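Visitor: I've never looked at this one before. Could you show it to me and let me ask how you know what you say?

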2 protein chains.
Amino acid sequence: MKSINPDISRSKSSLPNLDGFKAGIEKGDKTMLAKAITLVESTRTANFDTRRKLLEWASQSPKKPSYRIGITGVPGAGKSTLIEVLGLELIEKGHKVAVLAIDPSSQKTHGSILGDKTRMVELGKEQRAFIRPSAAGKTLGGVTAKTREAVVLCEAAGFDIILIETVGVGQSEISVKQMVDFFLLVLVAGAGDELQGIKRGIVEMADLILINKADGENIKSANASKVEYNRAIGLFPTPPSGVKPRVATCSALTLQGIDNVWKFIFDYFQKVQNNNFFDVNRKNQAVDWMKESLNNQLLEAFYHNQKIKAELNKLLESVRKGHLHPIAAANKLIDHFKVM
Amino acid sequence: MKSINPDISRSKSSLPNLDGFKAGIEKGDKTMLAKAITLVESTRTANFDTRRKLLEWASQSPKKPSYRIGITGVPGAGKSTLIEVLGLELIEKGHKVAVLAIDPSSQKTHGSILGDKTRMVELGKEQRAFIRPSAAGKTLGGVTAKTREAVVLCEAAGFDIILIETVGVGQSEISVKQMVDFFLLVLVAGAGDELQGIKRGIVEMADLILINKADGENIKSANASKVEYNRAIGLFPTPPSGVKPRVATCSALTLQGIDNVWKFIFDYFQKVQNNNFFDVNRKNQAVDWMKESLNNQLLEAFYHNQKIKAELNKLLESVRKGHLHPIAAANKLIDHFKVM
């Protein structure tokens with residue numbers, strides 16, 4: 001995926017126009033989808049308008065009902081193997097599966113999460129699967145804005161199961177929770193919470209706690225963990241979904257318990273569709289999304305304005321030299337801003 | 001301090017005008033300073049212009065050279081007692097000391113940090129001291145924007161030592177590091193890092209690690225901690241300041257080691273003023289500050305516009321009802337934005 005980036009940013013010729021993007025995405029062309037996500041992730045001024053129109057089109061294009069599922073857990077919890085196994089099972093059931101992996105370190109490591117080409121090899125071969133690292137990096141909007149936009153594009157391309165993977169130790173989990181319908185926490189048998197660096201707050205967000213690697217010598221400790229987590233969960237208040245979280249063991253290696261995972265997830269979806277939480281939650285998320293999108297677009301439009309750019313550079317120079325106080329400099333620029 | 005807030009937001013009469021603020025701050029009137037910080041923290045549209053002009057004036061008013069010092073450590077590390085002792089010592093030396101306490105939980109607890117009136121009683125009585133909880137809350141700009149603005153106002157009122165206190169376990173420490181000249185980490189004798197919830201990243205930011213409560217039975221373990229931290233620090237790369245961090249023990253109770261604290265801090269300031277890092281660091285911080293101030297002002301100006309407010313509410317309603325996609329809604333609003 002990474003090789004697409006330089007193409008788009010260096011030569012205009014390789015960048016499809018808006019209609020090209022629409023046509024490609026509509027027929028589920030994965031190369032076009034990948035290029036569209038790259039476009040949306042880019043911050044080049046020249047692309048601003050296409051980006052905006054493409055997203056607006058994608059957000060309004062008719063789609064199959066989709067399920068958005070967040071999957072988190074520390075490195076080594078076996079998330080990738082699990083996603084591969086679960087993804088293949090869904091494809092067999094007739095779904096189209098998109099996996100968006102958020103790597104908070106991607107700025108530095110150029111996407112180390114998926115840099116390892118051996119991950120999800122089998123799933124990657126499937127026509128009905130799409131795997132993509134989502135550049136979190138230090139974009140204006142951070143993790144959520146760009147990931148949400150990638151979700152919209154995947155859904156417009158006909159993907160109806162969206163798996164959003166994070167390396168579960170920080171802020172990005174909270175962001176992800178706010179954009180998914182279901183939150184899956186993957187833990188490893190036998191390791192205590194503290195060892196796994198999972199905060200209580202993240203455990204509380206989970207709709208399903210999956211204790212992975214419950215195979216061989218680990219089975220006993222996996223079952224012990226299950227008892228322990230069940231006890232802990234019993235003390236949590238019922239979540240807004242009205243559905244108590246579940247705890248289960250599985251092994252992505254021996255496939256023990258794997259067939260139950262989707263059963264649990266789809267059982268959850270049935271419950272929250274019946275009690276209307278699915279819909280209420282999506283609508284609440286839409287409101288947050290709009291606010292976030294507005295903030296990002298506002299800042300983007302401002303900073304990509306040629307006049308602002310030129311003046312900003314001059315003012316930054318004055319601030320850097322100590323000739324102008326930062327507040328005074330900001331005030332000078334803000335005067336160019338008008339609401340029509 | 002909290003009682004000022006309702007006054008300002010409810011009745012216009014209690015709010016001084018711009019000239020009133022300037023005159024009061026110029027002569028170091030602490031009540032006026034407190035009101036000015038409240039004004040700056042408020043997000044009322046009506047105050048937008050006064051706020052802006054006041055900050056611009058404060059940022060450009062002639063001031064004594066100041067030292068900005070961040071102080072962090074978990075609850076129970078004895079930060080308040082330490083700040084009181086250190087503050088009183090500085091006042092004796094002829095300084096004017098402002099203490100800004102950032103309470104990340106202030107939104108919920110209405111400023112629990114300083115809600116306890118027994119904190120810093122002696123320092124609070126001093127004419128040359130100013131103590132103020134800084135509302136972090138969920139303002140548009142978060143911790144840094146408002147705290148930076150409070151710093152500017154304190155400096156304009158003649159305070160030349162600014163102590164910024166945080167409850168050291170999260171994101172706000174990184175923000176504070178980015179606005180101070182010196183970063184002091186307060187730990188307790190005998191408790192391991194993990195017990196104190198202090199992340200390695202925060203330890204690495206410290207210019208001085210102070211092991212407090214080194215009194216009575218704790219003296220031995222405080223000394224052991226000192227050895228341990230000195231060893232850890234030996235492995236860190238030299239920080240950008242060019243000055244290796246130090247580790248010291250002290251007791252705010254018996255005053256053991258307290259006289260060394262300012263000696264260490266002023267020794268640091270001498271070194272970084274000689275090697276020019278003090279100046280370089282302030283200028284880099286000014287650039288960040290300008291960008292941050294610009295973002296905040298832009299969002300504030302946009303959302304406080306009457307036309308935007310009205311339309312935003314209508315669009316949010318459509319999004320909430322599912323009639324409009326969040327991206328499409330954001331696009332509609334962004335069209336009102338113009339750069340002149």
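Guide: Sure, let's talk about how the two chains relate and then about one strand; keep in mind that this is a predicted model.

Visitor: How do you know how chain A and chain B are related?

Guide: Lay chain A on chain B and the RMSD is 0.1 Å, after a turn of 179° and a shift of 0.0 Å along the axis. The two copies are thus related as by a two-fold rotation axis. In chain A, the C-alpha nearest that axis belongs to Lys338(A), at 2.6 Å.

Visitor: And what makes you say that the same surface serves both copies?

Guide: The contact residues tell us: 100% of those in chain A recur in chain B.

Visitor: Now the strand. Why is strand 5 of chain A called largely enclosed?

Guide: A residue counts as buried if 20 or more other C-beta atoms lie within 10 Å of its own. In strand 5 of chain A, residues 182–188, 7 of the 7 residues are buried, so the rest of the structure largely encloses this strand.

Visitor: Which way do its residues point?

Guide: Phe182(A), Leu184(A), Val186(A) and Val188(A) go one way, while Phe183(A), Leu185(A) and Leu187(A) go the other, and all are buried. In a regular strand, side chains alternate between the two faces of the sheet.

Visitor: How do you know that strand 5 of chain A pairs with strand 6 of chain A?

Guide: Pairing takes at least two bridges, and these two strands, which are parallel, have 5. Leu184(A) stands opposite Leu208(A) of strand 6. Strand 1 of chain A, residues 67–73, also runs parallel to strand 5, joined by 4 bridges, and Thr72(A) faces Leu185(A) there, standing opposite it.

Definitions and conventions:
Residues are numbered from 1 along each chain as its sequence is written. Chains are lettered from A and ligands numbered from 1 in the order in which they are written. This is a predicted model: local features need pLDDT of at least 70, side-chain atom pairs count only at pLDDT 80 or more; totals for chains, interfaces and linings use all residues. Copies are superposed by least squares on the C-alpha atoms of residues with pLDDT of at least 70 in both. Two residues are in contact if their C-beta atoms, placed from the backbone, lie within 7 Å. A residue is buried if 20 or more other C-beta atoms lie within 10 Å of its own, exposed if 12 or fewer, and partly exposed in between; C-beta atoms are placed from the backbone.
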